[in-house]
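Please examine the sequence and the structure shown below before reading on. This briefing introduces backbone angles and charged pairs to a reader who is new to both topics.

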Amino acid sequence: MLNDAAGFKKVYLATGFTDLRRGIDGLAAIIRFQFKLDPYDRNTLFLFCGRRTDRIKGLLWEGDGFLLIYKRIENGALNWPRSSDEAMEITEEQYRLLMQGLEVVAKRPIREVENPQQSMLLCNSEYLKSRSSKSVSRRKVERPSC
């Protein structure tokens with residue numbers, strides 16, 4: 001069930017750490033009051049991870065009651081985003097990556113360069129400065145990664 005996100009309308013990750021001793025009411029309270037989301041949203045899976053990344057809990061409203069899901073991974077661990085305490089909606093592809101133990105949120109995301117010509121000029125000037133200062137020592141000068 002948790003290896004495939006096919007039956008879920010939305011999937012939310014509770015980033016950061018969650019006390020997994022909490023039950024249905026405690027997790028529903030986190031969803032409602034901390035994340036300002038509706039825990040009664042049908043077919044929406046909310047996932048929580050504690051300090052140990054080999055265990056997760058999920059909460060799902062099925063229309064007639066809550067389903068509390070607990071999974072302990074026997075071999076490996078999840079790469080859970082720990083940056084902040086928020087609910088992050090993820091896509092089906094990101095969900096598959098998470099269940100495979102891969103990163104969902106990049107630590108250093110690649111961003112679009114706003115002014116490429118200016119950044120290229122800065123990069124070239126840094127390269128020329130480093131080359132002129134190190135040319136006396138006759139060492140191989142590495143090109144800076146801009």
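The points below are grouped by topic, beginning with the backbone and continuing with the salt bridges.

The structure is a predicted model. Two residues of the loop between α1 and β2, Lys36 and Asn43, are considered for their backbone angles. The structure also holds seven salt bridges, some of which are described in turn.

**Backbone angles in the loop**

- Most residues other than glycine have a negative phi.
- Lys36 has a phi near 60°, which is a positive value in a residue other than glycine.
- Lys36 lies in the loop that runs between α1 (24-34) and β2 (44-49).
- The relative accessible area of Lys36 is 65%, and exposed means over 50%, so Lys36 is exposed.
- Asn43 also has a positive phi, near 60°, and is likewise a residue other than glycine.
- Asn43 is found in the loop between α1 and β2, and its relative accessibility of 34% makes it partly exposed.

**A salt bridge between separate parts of the chain**

- Side chains of opposite charge can pair when their charged atoms come close.
- Asp41 and Lys9 form a salt bridge through their side chains, with a distance of 2.8 Å from N to O.
- Asp41 belongs to the loop between α1 and β2, whereas Lys9 belongs to the segment before β1 (10-14), so the pair ties together parts that are 32 residues apart in sequence.
- Asp41 is partly exposed, at 22% relative accessibility.
- Lys9 is exposed, and its relative accessible area is 52%.

**A salt bridge between Asp38 and Arg32**

- Asp38 and Arg32 are joined by a salt bridge in which the closest N and O atoms are 3.5 Å apart.
- Asp38 is partly exposed, with a relative accessible area of 38%.
- Arg32 counts as partly exposed, at 38% relative accessibility.

**A network of salt bridges**

- Asp54 and Arg55 meet through their side chains in a salt bridge with an N to O distance of 3.3 Å.
- Is Asp54 buried or exposed? Its relative accessible area is 16%, and buried means under 20%, so Asp54 is buried.
- Arg52, Asp54 and Arg55 are joined into one network by salt bridges that share partners.

How values were computed. Residues are numbered from 1 along each chain as its sequence is written. This is a predicted model: local features need pLDDT of at least 70, side-chain atom pairs count only at pLDDT 80 or more; totals for chains, interfaces and linings use all residues. Side-chain values use heavy atoms; hydrogens and water are left out. Helices (H or I, at least four residues) and strands (E, at least two) are DSSP runs, numbered from the N terminus. Buried means under 20% relative accessible area, exposed over 50%, partly exposed in between (1.4 Å probe, protein chains only). A salt bridge is a side-chain nitrogen of Lys or Arg within 4 Å of a carboxyl oxygen of Asp or Glu.
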